[in-house]
Amino acid sequence: MASLIGKALATRGSGPPVPLGGDGMRVLPGMVNTVNVEQALMRAYNSNGTVNSNVSLLASSVAGPKWKLFRKQPQDGRQRYTTSDKGSDQRTEIIQHAALNVLNTPAVIDVDGIQVQVFTRFRLFELSGIWLETTGKSHWVVDHAEGNPLPLGLWPVRPDRMLPVPSRDRYLAGWIYTSPDGMSKVPLLPTEVIFNCYPDPMDPYGGSGPIRSVLTDIEAASYAAEFNRNYFINSAEPNGIIQVDHELTDPQFNELVDRWREAHRGVARAHRVAVLEAGQTWVPNSHTMRDMDFALLRGTSRDIIREALGMHKVMTGVTDDVNRANAQTGEEVFASWKVDPRLGRWRDCLNSQLLPLFGATGKDAEYDYIYPMPQNREQDALELKTKTEAFLTLVTAGVDPDAAAEVVGLPAMKVAERASQAPALPPGWVAAPQPALPPGGDGAAAPAGVPAQGALDIGEVLRARAGWDSPAWKALAAFNRAGAVR
């Protein structure tokens, strides 16, 4: 298998497996009445600031964490009893593997003997994340060497150019990729495409992103911005009507329109005095820009888009009611509810679709990411303090230290024991012993073998105060009794 991998890597860099560029765009899969809905969803990323800021933040945050490869941990039936701590990772990390090389350097071309990365791992995941948030789908085409089943690279392709081919007997027969010029179609096997999606309840072969649910609101915001822009282009004055008392011929009408545009259209020509000839009257429009209330309209659209993506206001730079507490909470919610589930979706995709392509070398291996929880030093210190206090309580009560560490979520620790020949002194909170009295109170010595009356048993005092009944305290009590006898 090693020689097969070496031969495969030697042929790497020949270029993308499908054409990614072209000189035009024709009708592609997903177009309805020459309107490509998926293209409209992707264009929203470039045309709407709220969509751009929210989607880019999600995509870059998901692309940031590093990925590692591990040998799966054997299942031995043990269970952890903590609710929030995962404990130490018992898996074995794989440092060198072809699957790691492909994921970290997904798309490479050879330029005069120099290996140039067209897509890095970060850029691959970031671009795919933008496609997921807008269209709900992401496709990678696996690059293979001729006659070699091992993957050499991963090339992202636009989701509107991929068409699934359903199969009655095996669910999916493959994919058809349409080139950018629309002239050629490339058939692809299911093993040649890595497909990730947000599920579409209406189409098991497709996907639906959060932007699709608010596309109408995004278009309304775009129309409002365009209307506001045209207000300034058209002299920054409310539109109106030029009324005449007689019918104009076509040349007269065109001349009137041309003169009006030439003299009054545009911000630079605003507020010029208009001269109307006989029979012409300017009738202003009844509504004003105040009636449109653009500020409320644009603000509402921003809230709707942010709600569709489930984004906290603080993560998009809205700081009108933000303090340190809710800013930290917003960051933790973003990492826990938005970034981590998306990384888990990619982990399932890589482990179920990419790793099996490496054959025996990918068996019992799994991709995993570094959890992106933001740092909170105060919370970390409080958690460590709580765990150590619980560990001390369990060990003091007689629980085995290793078992106590497992319960509270701490690693196994060596316990240092120091032997002492002298009896341990009582703690400061133990009452001072009273002088021993002879039997009967007459000062006579107690018979041999009988403890002096009133002698203080330190072990009994400690056990009575703390409720401890461990062998150590029993031994200490016996030691004190023996000293009293002497």
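What follows is a conversation about reading the features of this predicted model.

Me: Let's start with the overall picture. How many helices and strands are in the chain?

Reply: The chain has 14 helices and 15 strands. Of its 486 residues, 32% count as buried. The accessible surface comes to about 29800 Å², and 55% of that belongs to carbon and sulfur atoms.

Me: And what share of the contacts comes from residues 24 or more positions apart?

Reply: Among contacts with a separation of 6 or more, residues 24 or more positions apart account for 65%. Pro65 gives you a case to look at. Pro65 sits in the loop between α3 and β3, and its C-alpha atom is 5.8 Å from that of Ile370, although their positions lie 305 residues apart along the chain.

Me: Is Pro65 buried or exposed, and what is it in contact with?

Reply: Pro65 is buried, with a relative accessible area of 10%. Setting aside neighbours within four places in sequence, Pro65 is in contact with Arg121, Leu343, Ile370 and Pro372.

Me: Now strands. Which way do the side chains point in a regular strand?

Reply: In a regular strand they alternate between the two faces of the sheet. Try that on strand β12, residues 193–197. Val193, Phe195 and Cys197 are on one side, Ile194 and Asn196 are on the other, and all of them are buried. Both faces of β12 are therefore covered.

Me: Why call β12 largely enclosed by the rest of the structure?

Reply: Because five of its five residues are buried.

Me: Which strand pairs with β12 over five bridges, and is the sense parallel or antiparallel?

Reply: That is strand β7, residues 137–144, and the pairing is antiparallel. To find the register on screen, look for Trp140, which stands opposite Ile194 of β12.

Me: You mentioned Cys197. How many disulfides does a search of the whole structure find?

Reply: Zero. The cut-off to keep in mind is that the two cysteine sulfur atoms have to be within 2.5 Å. For Cys197, the nearest cysteine sulfur is that of Cys349, 8.8 Å away. Cys349 is in no disulfide either. Cys349 counts as buried, at 4% relative accessibility.

Me: On to charges. How many salt bridges does the search find?

Reply: Nine in the whole structure. The cut-off here is 4 Å from a side-chain nitrogen of Lys or Arg to a carboxyl oxygen of Asp or Glu. Glu93 and Lys68 form one of them, at 3.9 Å from N to O. Glu93 lies in strand β4 and Lys68 in strand β3, so this pair ties together parts that are 25 residues apart in sequence. Glu93 is partly exposed at 35% relative accessibility, and Lys68 is partly exposed too, at 29%.

Me: What distance separates the closest N and O atoms of Arg91 and Glu366?

Reply: They are 2.9 Å apart. Arg91 is in the loop between β3 and β4, while Glu366 is in strand β15, so the pair ties together parts that are 275 residues apart in sequence. Both Arg91 and Glu366 are buried.

Me: What about Arg342 and Glu133?

Reply: Their side chains meet in a salt bridge of 2.7 Å, N to O. Here the link runs between helices: Arg342 lies in α10 and Glu133 in α5, so parts 209 residues apart in sequence are tied together. Arg342 and Glu133 are both buried. There is also a network, in which salt bridges that share partners join Arg91, Arg347, Glu366 and Asp368.

Me: How do I check the length of a helix such as α11?

Reply: Count on 1.5 Å a residue. Helix α11 has 20 residues, 377–396, and should span 28 Å; its end C-alpha atoms are 28 Å apart, which agrees. Just after α11, Gly398 takes a positive phi of about 105 degrees.

Me: Which residues other than glycine have a positive phi?

Reply: Among them are Asp112, with phi near 55 degrees, and Asp364, at about 60 degrees. Look for Asp112 in the loop between β5 and β6, where it counts as exposed at 75% relative accessibility. Asp364 lies in the loop between α10 and β15 and is partly exposed, at 46%.

How values were computed
Residues are numbered from 1 along each chain as its sequence is written. This is a predicted model: local features need pLDDT of at least 70, side-chain atom pairs count only at pLDDT 80 or more; totals for chains, interfaces and linings use all residues. Side-chain values use heavy atoms; hydrogens and water are left out. Buried means under 20% relative accessible area, exposed over 50%, partly exposed in between (1.4 Å probe, protein chains only). Helices (H or I, at least four residues) and strands (E, at least two) are DSSP runs, numbered from the N terminus. Contact means heavy atoms within 4.5 Å. Accessible areas come from the Shrake-Rupley method with a 1.4 Å probe; for residues, only the protein chains shown count as cover. Two strands pair if DSSP finds at least two bridges between them. The expected span of a helix is 1.5 Å times one less than its number of residues.
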